[in-house]
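Me: I am new to this structure. Please take a close look at one part of it, the way its helices pack, and walk me through it.

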Amino acid sequence: MSKQTYKVCFCFRRRFRMAAAEAPAGIKALFEQYSDNGVMGVDHLHRFLVEVQKEENATVADAQDIMNESKHLNIFHRQGLNLEGFFNYLFGEVNPPLNPKLGVHHDMNAPLSHYFIYTGHNSYLTGNQLSSDCSDAPIINALHRGVRVIELDIWPNSTKDDIHVLHGRTLTTPVELIKCLRSIKENAFTASEYPVVITLEDHLTPDLQAKVAEMIKEIFGDMLFSPGAECLREFPSPESLKKKVMISTKPPKEYLQAKEVKAKESASKPGKDSSEEEAWGGEFSFKAKIDDDKDDGLDEGDEDDGVDEEDPKSQQIAEPPEYKRLIAIHAGKGKGGMQDWLKVDPEKVRRLSLSEQELEKAILTYGRDIIRFTRRNILRVYPKGIRFDSSNYNPLIAWMHGAQMVAFNMQGYGRSLWSMHGMFRANGGCGYVKKPDFLLMDGPHNEVFDPQAKLPVKTILKVTVFMGKGWYYDFHHTHFDHYSPPDFYARVGIAGVPGDTVMKKTKTLEDSWIPNWDEVFEYPLTVPELALLRIEVHEYDMSEKDDFAGQTCLPVSELRQGIRAVPIHNRKGDKYKSVKLLMQFEFVR
C-alpha cells in the first residue's frame with residue numbers, strides 16, 4: 001500500500017502516497033509508560049489492563065492469554081509485545097467495546113412486562129409496505145438477529161379454504177401461513193433461547209381460525225405456551241419460558257364485536273370519522289371500508305381496537321374455543337378512550353397497541369399513566385401507516401415511557417433501526433433487556449419518572465476517537481471519490497432522553513484511508529440507563545451529499561472502559577470485514 005493512482009482526466013493522473021496504519025501519539029505514550037526497553041511483558045500488560053482498561057478483576061493469566069493470542073497473529077516479540085504488537089492487540093478482535101464473556105446477565109426471573117423486547121413489525125415483508133413480496137426469509141433473518149416478537153397478518157386465501165400472510169389491502173404478494181410457522185419453529189432459538197412471541201393480526205372467519213389453531217398446535221407442540229382461555233393474572237418470566245413460543249392476538253369475540261361496534265359508530269357519527277380520516281390517514285387509498293377509523297394504519301386497527309372481554313354483548317358471538325385457548329397474551333383496547341385503555345386491572349394483564357402518533361399524543365396528557373400501565377401490562381408501539389417505505393421512528397420515545405414491544409420494520413435501514421440494534425446488543429443479545437428500576441416503581445416521594453424533566457447528571461462519558469482503518473480493504477479505491485483518497489469524518493453522540501441526546505463531529509481529514517482524528521468528546525448523562533452511543537463515519541463530498549462510510553450503536557450501560565476496537569457496520573447492520581475505529585471510553589464521574 002505504497003502509492004495509489006487516481007485518474008483526473010484523460011491525460012492526467014494523481015498519485016498519492018499510502019501510509020500504513022501506525023499507533024497514534026497517545027497510544028505510543030501509553031506503550032512507553034507500560035513497557036521496558038520497547039517490550040511490554042506479561043506483568044506490564046496486566047497493569048495496563050487494570051489501570052487503563054479498568055478491568056479490575058483481570059489476572060496475570062488473562063494477560064498471558066492475550067500474549068498467547070498475539071503469538072498466533074505473528075505480532076509477538078519473544079519477550080512480550082513490541083509497539084506494533086501492542087497496537088495490533090488494541091485494534092484486534094480480542095478487544096471489543098462490549099464484553100463477550102458477559103452473556104445474559106440481567107435478572108431474567110421478573111415478569112415479561114419488566115423487559116424491553118426486540119420486536120418486529122410486519123415481519124414477513126421483504127421491502128416496502130405496499131408492493132413488496134411476502135416471504136419467510138425476513139422472518140428467519142430477524143430471528144437470527146435475536147428478534148423475539150414476530151408479527152403476521154393472516155387473511156383467507158382466494159378460495160377461502162386456507163390462510164395466507166400478507167399486508168392487507170395492498171399489492172403485496174402472499175406467503176402461506178404454514179410456511180412462516182414452520183420457519184419460526186426451525187429458527188426461533190438459534191440466536192436466543194428466550195421466548196418468541198407471535199403477534200397475529202387476524203382477519204379470518206371462525207372456521208379458518210379453527211384451522212389456524214390446529215396448525216399452530218401441530219407445528220409447535222410442546223414448544224407452545226398456552227395457559228388457557230382466560231387472561232393471565234401476571235405474565236411469566238423469560239427464564240420460565242425458555243424455548244417456548246407464545247401467541248398474542250385479540251380473542252375472537254372481541255375481534256368480531258369490534259367490527260359491529262365500529263360499523264354502528266361509523267353510521268351514527270360520519271362527521272367524526274371523516275375528520276379523523278382527513279387528519280390522520282387521508283392520503284392513503286388502501287383503506288378498509290368498515291373498520292378503517294384507525295388514525296394512520298392500513299390494517300393495524302383490526303388487532304388494536306375492540307371492546308372489553310367482559311362485555312356481555314360479546315358473549316353472543318360464537319368463537320372457536322381452541323383458538324382462544326392458544327392465546328397467551330391477550331390484546332385489545334377495551335371500551336372508552338385512552339384513559340380507560342390505560343387502566344390497570346389487578347386481576348389480569350394484557351397487551352395494548354398504539355401507533356407512534358397515538359403514543360406521542362398520549363404522552364402529552366397520560367405520560368405517567370403509560371409508565372404505570374407498563375409495569376404490569378405490555379405496550380406495543382407500531383409505525384404510522386404513512387411509512388409505506390418501511391422507515392421507522394425514534395424508539396427512545398416509547399422506551400422511556402416503558403413500552404416493551406417497540407415494533408420496527410427490520411428492513412427499514414437507517415438511524416432509528418441502528419438504535420434498535422444498539423439497544424439489543426445489551427444482555428448478551430438475547431432479545432430481552434431489563435427495564436431500569438425507575439420505570440418499574442415510583443420514586444422515594446411517590447413520583448413517576450418524567451423523561452422530560454431536568455435531572456441531575458449521574459455520570460460523564462468521555463470518548464476519545466483516535467483513528468479508523470479498514471476501508472482500504474473493504475471498498476474499491478474509487479468508491480468514495482474518483483479523484484483522490486477519501487476525506488473521512490466521524491459523528492459521535494448519544495441517543496437517550498431529550499436532555500442527553502446530542503451529536504458531535506470530528507474534523508474532516510483529507511485524502512486519507514486511515515484517518516487519525518485524535519479528538520475527545522464529553523457527554524454528561526442524566527439517564528445513562530437508557531443512553532445509546534451512536535457512532536457514524538462519513539466521507540465529505542463538496543459537490544454532493546456526503547457518502548456513508550459506516551455506523552454502529554452501543555448501549556452505554558455495557559460499554560467497557562479503556563481503549564477498544566469498535567467494529568463498524570453497514571447500513572443494514574452487518575459488520576464490515578475490516579473497518580474499525582480505535583476509541584477510548586471513560587466514565588469520569
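What follows is a walk through some helix pairs, with a pocket at the end.

Reply: Keep in mind that this is a predicted model. Packed helices are described by two things, the angle between their axes and the distance between those axes.

Start with helix H6, residues 177-187. Helix H7, residues 206-220, packs against H6 at an angle of about 30°. The two axes lie 10 Å apart. Angles under 35 degrees count as roughly parallel, so H6 and H7 are roughly parallel to each other. H6 passes H7 in a right-handed crossing. Which residues meet there? From H6 come Leu-177, Ile-178, Leu-181, Arg-182, Ile-184 and Lys-185. From H7 come Val-212, Met-215, Ile-216, Ile-219 and Phe-220. By class, this contact of H6 with H7 has nine nonpolar residues, no polar ones and two charged ones.

H6 also has a contact with helix H5, residues 137-145. The axes of H5 and H6 come within 9 Å and cross at roughly 20°. That angle makes H5 roughly parallel to H6. The crossing of H5 and H6 is right-handed. On the H5 side, the contact is made by Ile-139, Ile-140, Leu-143 and His-144. On the H6 side, Cys-180, Ser-183, Ile-184 and Asn-187 take part. The classes here are five nonpolar, three polar and no charged residues. Note Ile-184: this H6 residue is in the contact with H5 and also in the contact with H7.

Now turn to another pair. Helix H1 (residues 25-33) and helix H4 (residues 83-90) pack at an angle of about 120°. Their axes are 10 Å apart. H1 passes H4 in a right-handed crossing. H1 brings Ile-27, Lys-28 and Phe-31 to the contact. H4 brings Leu-83, Phe-86 and Leu-90. Five of these residues are nonpolar, none is polar and one is charged.

Last, a pocket. The second largest pocket has a volume of about 740 Å³. Its lining has 26 residues. Closest to the centre are Glu-55, Asn-99, Pro-100, Lys-101 and Arg-560. Which helix gives the most to this lining? Helix H3, residues 60-72, does, with four residues. By class, the lining of this pocket holds nine nonpolar, six polar and eleven charged residues.

Conventions:
Residues are numbered from 1 along each chain as its sequence is written. This is a predicted model: local features need pLDDT of at least 70, side-chain atom pairs count only at pLDDT 80 or more; totals for chains, interfaces and linings use all residues. Side-chain values use heavy atoms; hydrogens and water are left out. Axes are lines fitted to C-alpha atoms, for helices over the stretch in contact, and angles run from 0 to 180 degrees between N-to-C directions. Helices (H or I, at least four residues) and strands (E, at least two) are DSSP runs, numbered from the N terminus. Angles under 35 degrees count as roughly parallel, over 145 as roughly antiparallel, 65 to 115 as roughly perpendicular and the rest as oblique. A crossing is left-handed if the near helix is turned anticlockwise from the far one by less than a right angle, and right-handed if clockwise. Contact means heavy atoms within 4.5 Å. Ala, Val, Leu, Ile, Met, Phe, Trp, Tyr, Cys and Pro count as nonpolar, Asp, Glu, Lys and Arg as charged, and the others, Gly among them, as polar. On a 1 Å grid over the protein atoms alone, a cavity is a set of points where a 1.4 Å probe fits but cannot get out, and a pocket is an open set with protein on both sides within 12 Å along at least five of seven lines; lining residues have an atom within 4 Å of a point. Grid points are joined across faces, edges and corners, and a volume is the space filled by probe spheres set on the points.
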